[in-house]
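Visitor: I would like a close look at a single part of this structure, with its surroundings filled in afterwards. Please keep it plain.

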Amino acid sequence: MVRLMLTLTPVVCMLSAVAFSSVFEHYMGDDTKREKPPAEDSSDEDDKRNSGNLYDKAGKVRKHVSEQEKAEEGLGPNIKSIVTMLMLMLLMMFAVHCTWVTSNAYSSPSVVLASYNNDGTRNILDDFREAYYWLRQNTEENARVMSWWDYGYQIAGMANRTTLVDNNTWNNSHIALVGKAMSSNESAAYQIMRSLDVDYVLIIFGGVIGYSGDDINKFLWMVRIAEGEHPKDIRESDYFTPQGEFRVDKAGSPTLLNCLMYKMSYYRFGEMQLDFRTPPGFDRTRNAEIGNKDIKFKHLEEAFTSEHWLVRIYKVKKLENREPLEHKLRSVVSRQKFTSKKTAKRKRGHIKNKLALRKGKKLQKK
Amino acid sequence: MARKTPVLAACLLLLLAAVGSEVSADGLVYEDVKRTVDLSTHLAKITAEIVLSNQGPSAAHNFILGIEAELVPNLAYIGASVKGDEEDDGTLELQQTTIQGQSGAFYKVQLPSSLAAGAQLKAKLEMTFSHVLQPFPSQITQAERQLVVFQGNHYMYSPYPIRSQTTRVRLASKTVESYSKLGNPSKNDEIIEYGPFRDVAPFSEDTLKIHYENNSPFLTISNIVRTIEVSHWGNIAVEETINLRHTGAVLKGPFSRYDYQRQSDSGISSVKSFKTILPASAQDVYYRDEIGNISTSHLQVLDDSVEVEVRPRFPLFGGWKTHYMIGYNLPSYEYLYTLGDQYSLKMRLVDHVYDDQVIDFLTVKIILPEGARNIQMDTPYKIDRKPNQLHYTYLDTFGRPVLVASKSNLVEHHIQDVMVHYNFNRILMLQEPLLVVGAFYILFFTVIIYVRLDFAITKDPAAEVRMKVASITEQVLTLVNKRLGLYRHMDEVVNRYKQSRDTGALNSGRKTLEADHRNLTNEISSLQARLKAEGSDLADKVGEVQKLDGQVKELVCRSSQEAERLVAGKVKKEAYIESEKTLSGKRQELVGRIDSLLDAL
């Protein structure tokens, strides 16, 4: 956003050019004799000046004259040269300053993060590229990655994998589906992920290094977009506490503490103690100790986490071959011993009124 | 018939004797073999110290080494040397042969001096096998340790009988799941000793199987392309593109970063970083991949090498791979030797990437400067030469010759020098700067011609007249300015006269002023006439200028006269100053008017 200041550049350049040119004109030009623009030869100018002033001739007589004429001029050459020099130095140092400011403030790539230690050394956090390169090298060519749309182009460019939504997706319903998957609990999200045929899920988590642009901070937008398309399933108010706050600690709303995004961000984070002063599971970005520390996944598996936990990639597991039933089999209890009512004549396979046949005797018709 | 069979039988026996005992007819026998099988890394390195004795009737010039058939496809390097009293680095020549009826590969080793009958000789053999350690179980989770299986031979596979041999196996760790026990081996810590086996027949095999824990890095370079670009301007650029993969037990299940960071033995067989050793004069080292520069590396410049601690973007677990490029510049005076028109390049065919490296496939490309001829390549070992290619880069007209060679299954022993000889005419070095100069020359020449071309369809007389007038005016201006310069010069002369009181100089100055003034005035008048001929009204202005100029000259003469009078003492100083002031005032006014007129021109 700092770079938006550069839109003022043309205006500032013109105004400062006007200022500098008028200063230079005043201090560099010979303004006493001439009112016309300088179209003549320089020797003409010199001659005129010399014929009038003659102050650079070393004659005793002439000195007196020249001092008189110097007073007439109004601005001595010393002041002129000092001011000119000052202005030139100002301009040159401005060029140096601009180079420094551009390299420091206007050129942060935002894919590579840098932090500076107490002694000034620079610490580079290359987590994004690490995770994207891992995706590029160690997943199948046609793997599909689900993430929030901010990272779509980065995944397509650096990781070279198919994404569901990216920065140029106009299909709001599709983005809402992804948002719904991130905001629902794991089983509902798994259904959406199976229907979209997702292999990997990628999220950004800034709780270890205090990075404030991570997905938990963007989470409410995911909820709002999902609510716009699926108002019956997702309600934004569910994710706030009864007092109306968005909290990730124990006081947070249970819907938030069990949604997929929360679980993916804080998986195994509850055991991590970054600092001896803070309890384990202390989120540096939200400045809170997380509420749900014991997170277990049924359908997801942690595939890769980058060095400073900035990017977390989960693999979506296929359905088991046999799903264990959630309920017990219904057992049939027999009340009494069953006795058959079939006599010899009423047994199955028994032909009623079968004619008896005796050899040698004629069959008697009934 | 009955009489012929014994004859036939005798002939057959002789034949068999001749053929079957091609080996034992040599009479060579291994008296003692001490074999060391080093399994501490991901390679199997077998070294054997053998005492060879010639029990046959005649002197032997060579002996034959054998390798079991199962291990032949994994053989990366085989070498033999003779142990003398002094330090020997004379590796002996090996030539592949076959023995009828026996499986496996055989190499004939040429002895430096023939071994007389009844004499003994100590030799040292070295063999390196890659990809023989199979991870078993082939898939492990992050918390488990990596176990591998090695299948070899208890005995040395040789075409000669061995009187006594011992095998010592060095493992990577103390933990051994199982190992084959032949002849009561002893195990202490990492070493298993298979006791002395006596009088083993030739070509005998007995499976040696060890299942043990090996957490050493199992990295393999599946493909490496090494490009060496030689420039006669003093620089050799080397770039290596490497595909690296972890060939140990494949990671099964999740990768937990928390466990990896907090527990020291989690992912113990994974590779976090390795050290690449570059030549000592390597500069401008870069380490990047397809998506940009990789910032996780450390460079350390030592006396005899440059060490780069290369850390891939992510730790490599089993089955994971990565890809990167590393490149550097070398000064050419260290590797390129020249004598007149002959040049020789001596560079390593493949360089160090990490310790105990295994390269599955290597491609070497050497790009020589344009115009290199009679190219010959001497390689230290056999490689496959592909046809030469042409490479086009900056300022190339007919392309640079590229030597392409490839080889598979290389290990650290293959880091040896290759010599490339070629001829290069020194004049051709000028081709590059001349091309740049020529390009600029053509550009400027074209522009010069272009601005002088006139593509106007109709002639515009008014424009022509205007142009003529403008040129004449320009000339007039220069002449007027010159004239005004004359006056200034005159002033200088007067001042000098006032100081030096040298009348002669003043007079000479006056004379030159007169002469030059006359010349210039004449020229300006002629130009004025031309202007009038063109019918321009500027002629009048020029006339004005002439008149004013005449007055100025008057004033200048007057001032010089005054100065003369001052010097002579005829006039007082104050009066002189007064008169000077008035004169100069008048002069300024006149000059101002001249200026305004000139501007109007």
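Is B:Ala172 buried, partly exposed or exposed, and what is its relative accessible area?

Guide: The model is predicted, and every value below is computed from it. B:Ala172 has a relative accessible area of 26%. Because buried means under 20% and exposed means over 50%, B:Ala172 counts as partly exposed. The residue sits in a loop of chain B, between β11 (162-170) and β12 (176-179).

Leaving aside residues up to four places away in sequence, B:Ala172 touches B:Leu39, B:Ser40, B:Glu190, B:Tyr212, B:Glu213 and B:Asn214. B:Val364 lies 192 residues from B:Ala172 along the chain, and the two C-alpha atoms are separated by 33 Å.

The chain around this loop has seven helices and 31 strands. Chain B has a radius of gyration of 47 Å, whereas the globule rule gives 25 Å for 601 residues, so chain B is more spread out than a compact globule. Along the principal axes, the C-alpha trace of chain B spans about 155 × 70 × 60 Å.

Of the 601 residues in chain B, 46% count as buried. Contacts in chain B with a separation of 6 or more come to 76% from residues 24 or more positions apart. The accessible surface of chain B is about 30900 Å², and carbon and sulfur atoms account for 53% of that area. As for charge, chain B carries 66 positive and 73 negative side chains, with the centres of the two sets 7 Å apart.

A second position in chain B can be set beside the loop residue. B:Val591 belongs to helix α7 (residues 573-600) of chain B. With 3% relative accessibility, B:Val591 counts as buried, while B:Ala172 is partly exposed at 26%. B:Leu513 is 78 residues from B:Val591 in sequence, and the C-alpha to C-alpha distance between them is 18 Å.

Chain A can be described in the same terms. Chain A contains 11 helices and nine strands, and 38% of its 366 residues count as buried. For contacts in chain A between residues at least 6 apart in sequence, 60% join residues at least 24 apart. The exposed area of chain A is about 23800 Å², with 55% supplied by carbon and sulfur atoms.

One helix of chain A can be followed in detail. Helix α9 of chain A covers residues 219-229, and its buried residues are A:Phe219, A:Leu220, A:Met222, A:Val223, A:Ile225 and A:Ala226. These buried residues of α9(A) pack against three other helices of chain A: α7 (172-183), α10 (254-257) and α11 (260-266).

That leaves the cysteines. A search of the whole structure, over all chains, finds zero disulfides. A:Cys98 is in no disulfide, and the nearest cysteine sulfur, that of A:Cys13, is 8.6 Å away. For a disulfide the two sulfur atoms would have to be within 2.5 Å. A:Cys98 counts as partly exposed, at 30% relative accessibility, whereas A:Cys259 is buried, with a relative accessible area of 1%.

To return to the loop: B:Ala172 lies between β11 and β12 of chain B, and its contacts include B:Leu39 and B:Tyr212.

Methods
Residues numbered from 1 in each chain as written. Chains lettered and ligands numbered in written order. Predicted model: local features only at pLDDT ≥ 70, side-chain atom pairs only at ≥ 80, totals over all residues. Heavy atoms only, no water. Buried < 20%, exposed > 50% of the residue type's maximum accessible area, 1.4 Å probe, protein only. Helix = DSSP H or I, 4+ residues; strand = E, 2+ residues; numbered from the N terminus. Contact = heavy atoms within 4.5 Å. Rg over C-alpha atoms; globule rule 2.2 N^0.38 Å. Areas by Shrake-Rupley, 256 points an atom, 1.4 Å probe, with all protein chains shown as cover. Lys, Arg positive; Asp, Glu negative; His and termini not counted. Charge placed at Lys NZ, Arg CZ, Asp CG, Glu CD.
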